[in-house]
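Please examine the sequence and the three-dimensional structure shown below. The paragraphs that follow explain selected parts of it in turn.

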Amino acid sequence: MTVDVTCMSTNNFAEEEKKVLEMWKEKGIFDLVQKKESPEGDFVFYEGPPTANAKPALHHVLARVFKDVIPRYKIMQGFHVDRKAGWDTHGLPVELQVEKKLGISGKPQIENIVPGDPVASIKKFNAECKDMVWGFLDEWSRLTERIGFWLDLDDPYVTYENEYIESLWWVFKQMWERGLVYQSHKVVPYCSRCGTALSSHEVAQGYQTVKDRSVFVKFKVVDEKDAYILSWTTTPWTLPGNVALAVGDGVDYVYVDTGDETLILAKNRLEILEGEYKVVKEVKGSKLVGLSYESLFDIPSLKSDTSYKVYAADFVTDVDGTGVVHTAVMYGIDDYEFGEGVGLPKFHTVDEEGNFVDEVSGLAGKYVKDPKTEQAIIDHLTANNLLFGEEMYEHEYPFCWRCKTPLLYYARDSWFIRVSDVKDRLVANNQTINWEPSHIKDGRFGEWLNNIHDWAISRERYWGTPLPIWMCECGEMKCVGSAKELGVSDIELHRPYVDEVELDCEKCDKKMKRVPEVMDVWFDSGAMPIAQWGFPHKEGSEDQLNNHYPADYIAEAIDQTRGWFYTLLSVATLLEKEAPYKNVICLGHILDGKGFKMSKSKGNVVEPWEVINTHGVDALRWHFFSMSAAGEPKRFDMKGVDQAKRRTLMILWNVLKFYELYKDGATGKMADSALDKWVLSRLAETTQTVQGHLDKYDLTRATRALHDFITEVSTWYVRRSRGRFKSGEEGVVDVLKHVLLETSKLIAPFTPFIAERVYGAVGGEKESVHLDDWPESGKVDEELLKAMQQTRDVVEIGMRLRAENSMKVRQPLAAIAIDGAKLEDAYIEILKEELNVKEVVFEKNDWPSHEDKGMTVGLNIELNDELRLEGVARELVRTINGMRKDAGLTITDRITLIVSESGKAVFNVHEEYILVSTKSDSVEFGDAGDVEVGGIAISIIK
Ligand SMILES: [Zn+2]
Ligand SMILES: [Zn+2]
């Protein structure tokens with residue numbers, strides 16, 4: 001490889017990475033990597049499809065580098081990894097953007113883009129959607145390439161393409177034929193702005209903590225003077241729809257006399273009353289059943305024999321509110337089932353856009369969640385003496401995950417998939433998955449599966465996979481699994497085109513029409529293991545599916561436990577397949593440096609390009625991998641990236657630069673001193689550790705092991721070997737070269753750019769480190785590692801003793817004593833040099849000491865004249881070299897020393913040492929005065 005590494009400046013990783021990118025492009029390295037021999041077979045990776053209708057953000061970079069690292073590792077290990085890109089293209093997010101672009105909002109306006117022509121309007125709207133989804137494709141491609149995420153962007157799966165939709169239809173039909181699809185009128189979470197129901201996994205993504213106005217309402221009992229049943233609600237807008245009250249059969253209720261009136265509520269909820277009152281009667285809930293009360297609002301369609309009465313229901317408790325539940329049949333899941341059971345009227349007081357209908361006089365046309373509407377409801381209650389009180393109530397309330405409108409629980413006709421039927425298999429399939437972090441399996445994800453609801457699959461919208469169900473007036477239905485079954489071949493399989501296709505009914509002579517709904521967009525991505533190949537319609541798709549199922553590895557952010565992780569598992573399980581992924585990394589969210597969520601309104605969003613242009617991609621990648629365990633929230637700031645770069649990558653880079661100073665001295669044969677053997681043993685150990693953690697998908701520990709190793713190579717091996725390099729000792733360059741080469745391979749999956757540079761600079765054999773094999777671990781000599789560790793421990797303790805006794809390291813000391821460990825000569829030599837002591841003894845004595853790491857280390861701090869003079873000599877050398885530097889001298893400049901008479905004693909013993917170490921020709925004693933050290937004055941003359 002021909003890249004010139006000497007020009008890479010440590011401060012400009014970013015610029016240098018671009019050269020590596022150039023090289024990859026020029027030589028087609030990614031293609032070569034994909035063609036690399038794969039004796040281990042296929043390793044399957046699935047790309048969770050992002051949407052390209054918005055700019056990629058930092059959290060996308062996080063997911064993408066995690067997606068990248070494992071395939072790189074597996075390829076080096078001899079696997080083949082297809083890296084098919086994918087794009088999620090349908091759904092509300094896109095539709096909302098188009099509404100905004102066209103300056104319209106809501107379904108009536110969409111269907112009137114071409115005035116009076118809904119079909120032409122939908123055609124126009126969907127064409128805009130199709131165009132909109134590629135708005136940021138270039139930006140995505142550019143960022144994907146820059147961060148080194150190797151992905152096959154030339155052949156992606158695209159969820160809006162006909163072959164993809166046909167595949168989804170086939171998947172849906174499989175479920176249909178298994179009897180897993182049904183239509184039902186049910187209370188569902190509903191966005192009144194988007195005009196569609198949402199599925200529970202979408203709802204789970206949109207909860208916010210909010211303060212709502214809650215009210216205590218008095219329901220006037222018929223035929224009892226001034227007696228009221230108290231109830232409580234956090235959704236005042238449901239009060240006009242009230243048709244019944246529910247009590248608990250066995251719950252204790254009390255009649256309370258407040259002086260003006262009688263109130264009825266649960267005994268355990270008396271705490272809500274203020275002021276004086278008297279309990280006049282106590283009854284079980286069953287005694288209240290059958291009481292009639294006056295309606296709050298006059299709504300003719302809600303009147304019936306069953307309306308406005310007290311019923312018993314088993315969902316009633318007395319832990320909050322008043323122990324009496326206000327029931328509006330159409331606006332609560334429990335309410336609806338309960339209403340069906342006792343035959344309460346089903347009438348919507350609220351229309352599909354979230355406004356009161358005409359029958360609700362005084363409120364007609366008003367949006368139900370508008371605070372002004374709530375006020376009007378409360379005013380109405382007050383005017384009729386029906387308001388007991390109100391308070392602000394903090395709770396978790398669901399909002400539309402896309403448009404942020406508060407959701408209404410609202411009864412509608414919807415299509416469902418019976419996920420609850422396959423719950424046991426979902427749970428069992430989950431048990432086969434290796435989750436990182438592992439607590440997700442039975443925690444966040446497992447709990448979600450345990451409380452699973454049927455999947456509300458239909459959306460009353462436009463830009464999505466059309467639900468492939470054709471229906472006849474006679475009730476006959478047909479599910480279609482391909483375009484061929486429709487008898488069409490050349491139409492786009494979107495609305496409104498497919499809406500125009502009619503089928504002959506087999507039961508009668510009428511025509512069947514498609515139901516108007518499209519599918520939940522999460523079905524698109526959940527079925528990607530099958531649909532990405534166009535299975536079963538596309539040629540070769542069966543082989544592709546067989547070779548790529550299940551995935552060995554996927555990675556996304558933690559919110560996907562309610563999204564893609566869930567829909568992938570769901571679709572597979574509904575099709576009676578095994579779990580669609582074996583290993584999954586579930587990433588924590590990115591927060592700002594102080595731990596707050598990043599948001600545009602707070603102005604604390606960090607743009608990926610800003611980080612990349614400042615510190616380079618490797619620094620960012622390394623930071624993401626090493627900062628905290630994958631599943632932890634990530635407190636992110638630029639300082640952290642800078643530190644990650646300085647603490648590891650720049651150290652590696654500096655080691656490489658050091659190597660390059662001496663690289664010509666390589667002999668082809670490695671030296672084998674204790675230090676050399678130690679570094680090779682540490683390399684072997686690190687190789688094993690990194691591999692072990694990578695195999696467990698624990699990237700944090702893998703990077704930390706690499707960090708430790710690189711630091712030790714620099715601060716121990718290289719530092720301790722400087723003299724050997726300078727003196728040209730044979731084989732030491734070869735050791736460092738080998739260490740750097742192997743390190744470049746170990747670090748390649750994590751930081752592919754610097755790895756490439758190091759690999760090239762130490763003469764890696766392949767065109768790219770990414771074409772090389774994962775290193776075989778050499779032998780780990782445990783004994784040797786232990787001895788060196790002990791040596792380093794002694795150094796650390798000895799240094800502590802020196803500091804505590806104010807003994808500079810330059811001052812030689814007589815001895816250090818070790819009790820509790822035995823070291824061989826090689827290590828004794830290291831100790832002598834590191835600690836600047838004359839002797840290492842293995843004994844107990846009464847010198848200042850510390851007991852630590854299983855041994856006692858003592859330091860002899862007594863100085864005799866000899867030691868003192870040597871200390872002074874070293875001090876002089878350091879000072880004189882400092883003076884040389886200040887005078888701007890270079891290593892070739894020779895000097896003469898002028899030293900005061902007081903220095904004679906030192907020079908008598910150490911003259912040669914001082915002259916050689918300071919590049920001085922001679923010393924003269926006399927008047928000197930520039931600098932003084934320990935009573936000795938010095939000048940230098942060039
Ligand atoms: Zn919405
Ligand atoms: Zn029919």
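In what order do the four strands of the open sheet stand? The order is β6-β5-β16-β18, and the pairing is antiparallel. Strands here are DSSP runs (E) of at least two residues, numbered from the N terminus, and two of them pair if DSSP finds at least two bridges between them. At the edges stand β6 (196-197) and β18 (455-456), each with a single partner strand, so one side of each has no neighbour in the sheet. Strand β16, residues 408-417, is joined to β18 by two bridges, and phenylalanine 416 lies opposite alanine 456 in β18.

This is a predicted model, in which local features need pLDDT of at least 70 and side-chain atom pairs count only at pLDDT 80 or more, while totals for chains, interfaces and linings use all residues. Residues are numbered from 1 along each chain as its sequence is written, chains are lettered from A and ligands numbered from 1 in the order in which they are written, and side-chain values use heavy atoms, with hydrogens and water left out.

The zinc ion (ligand 2) has as protein donors the SG atoms of Cys472, Cys474, Cys505 and Cys508, 2.2 to 2.3 Å from it. Donors are N, O and S atoms within 2.8 Å of the metal (3.2 Å for Na, K and Ca); water is not among the atoms, so sites may look incomplete. The four donor atoms subtend angles of 101 to 116°, and the arrangement is therefore tetrahedral, a term that requires all angles of four donors to lie between 85 and 135 degrees.

Key
Four donors count as tetrahedral if all angles lie between 85 and 135 degrees; four count as square planar and six as octahedral if opposite donors are over 155 degrees apart and all others between 65 and 115; anything else is irregular.
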